[in-house]
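Me: I'm new to this one, so could you walk me through it in plain words?

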Amino acid sequence: MSPLLDSFAAAFEALPVREAAGLGPARRAAFEALLRDGLPHARVEAWKYTPLRALERRAFAAAPPAAPAVDAAVLAGIPAPRLVLVNGRFDAALTDLSGLAAGVVCRPLSQALHDGDARQVNFMARDYARADEPFARLNAALADEGLVLRVPEGVDAGTVHVVLVGAPDADRAWHLRHLVELRRGAALRIVEHRIAAGTHAHLGNEILHAHLAQGARLLHARVQDDAPAATAFLRTEAVLAREAHYRRLDLELGAGLSRHELNVSLQGEGAQVDANGVLLGSGRRHLDTRLGLDHVAPGTACNLLWRGLGAGRSRVVFHGGILIRAGADGTAADLSNKNLLLSADAEIDSQPVLEIHADEVKAAHGATVGQLDPTSLFYLRSRGLPAEAARALLTAAFCRETLAVLDADLREPLTRRLDAALARLEAA
């Protein structure tokens, strides 16, 4: 085996909660499948643009038994209710659930595993059968922490902040599993902050399950701004019932290697997803985002607006897949992926895919890769703006369009986060 898999094998054998809640057989089956098939190589289509050879040569220690201490200042501006994890461990001192709506359950996965009730963690028993899902299998085997958030029927839970902090330590790997469950007519806003409290080179491997019952409404804003040497493998599995509405924004601003798979199954008639994102490549960063929208029921809709920037020697990869199944008549699907190359050494790969097996649908997809418009640059320069300021203004305008998916009160602070990342890009 590779040093990477060797380190994960040691973590698996030492995992304290390996048998908790009856998950032992499922965990072992997932890990044996990972060892049997190994990590995918470049000839595997889903990993064609994201080679793992360098990662295979690394080894990671398991997450520490308890969250290391970090300065509370890293949470400046992040209000309650909030749940905080540091280096993959729940931090009770920094967590503040005051103001949480009555009836809403918000607790760390470790508590649910400790309780041992299999019904509370049955989402963790999912089987990942494909060989090109190595990190999902790894998560199924090793996940021991995360967030469990359940909103009762008809309750508007307001906003909950989830903060995942990477702090300096030996190279660590953690495997988090999250569940967000909204019952019929429930509503929730999640703001996810991924931040670094210092230099580190950890690996985070996470899966989030989002279950939206009939008429439920979920807004999920995720800001990934981790350390430049961090590695992140993230996967979202969302299932939408009738008339459910899922809004999402992903700002990929940090980490050295980051891959996010967003899979949404629209299973109920009238279900809708609006998912936007910004992929900000700089330095030698590698960003890989894969969308999988599965329209199962009739009258469903998806609107996808993604923007990519490639600077330095970075590589930005985007795969936007939309499947409209037989019987999903009346579906409306729209995907736009536009990308700017800001450096001759950067690379951007875009793959829009539209597969239709139904009648009477309205579907469109498009992708472009180009540079800043010289006419617009000339216009701004002719009005007295320096060249750098003109480029920064056009770049910000190019990205800010995606933030329209947010409510107004969230749009302003996340615009500031995006602008700060763009400023770092301009200064590099």
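Reply: Sure, and one handy cut-off before we start: helix angles under 35 degrees count as roughly parallel. Keep in mind that this is a predicted model.

Me: How do α1 and α5 lie, roughly parallel or roughly antiparallel to each other?
Reply: Helix α1 covers residues 3-13 and helix α5 covers residues 134-142. They pack at an angle of about 25°, with their axes 10 Å apart. With angles under 35 degrees counting that way, α1 and α5 are therefore roughly parallel.

Me: By class, what residues make up the contact of α1 with α5?
Reply: From α1 come Phe8, Ala11 and Phe12, and from α5 come Leu138, Ala141 and Leu142. There are no polar and no charged residues in that contact, which leaves six nonpolar ones.

Me: Which strands stand at the edges of the sheet?
Reply: The sheet is open and mixed in its pairing, with 10 strands in the order β3-β2-β6-β8-β10-β12-β14-β16-β18-β20. An edge strand has a single partner, so one of its sides is left without a neighbour in the sheet. That's the case for β3 (89-90) and β20 (362-370).

Me: Which residue in β6 stands opposite leucine 85?
Reply: Strand β2 (residues 82-86) pairs with β6 (residues 156-166) in the parallel sense, over five bridges. Opposite leucine 85 you'll find leucine 164.

Me: Which strands does helix α7 touch?
Reply: Helix α7 spans residues 387-400 and packs on the sheet, its direction making about 155° with that of β16. Its buried residues include Ala390 and Phe398. The strands it touches are β14, β16 and β18.

Notes:
Residues numbered from 1 in each chain as written. Predicted model: local features only at pLDDT ≥ 70, side-chain atom pairs only at ≥ 80, totals over all residues. Heavy atoms only, no water. Pairing = 2+ DSSP bridges. Helix = DSSP H or I, 4+ residues; strand = E, 2+ residues; numbered from the N terminus. Contact = heavy atoms within 4.5 Å. Axes fitted to C-alpha atoms, helices over the stretch in contact; angles between N-to-C directions. Buried < 20%, exposed > 50% of the residue type's maximum accessible area, 1.4 Å probe, protein only. Parallel < 35°, antiparallel > 145°, perpendicular 65-115°, else oblique. Nonpolar A, V, L, I, M, F, W, Y, C, P; charged D, E, K, R; others polar.
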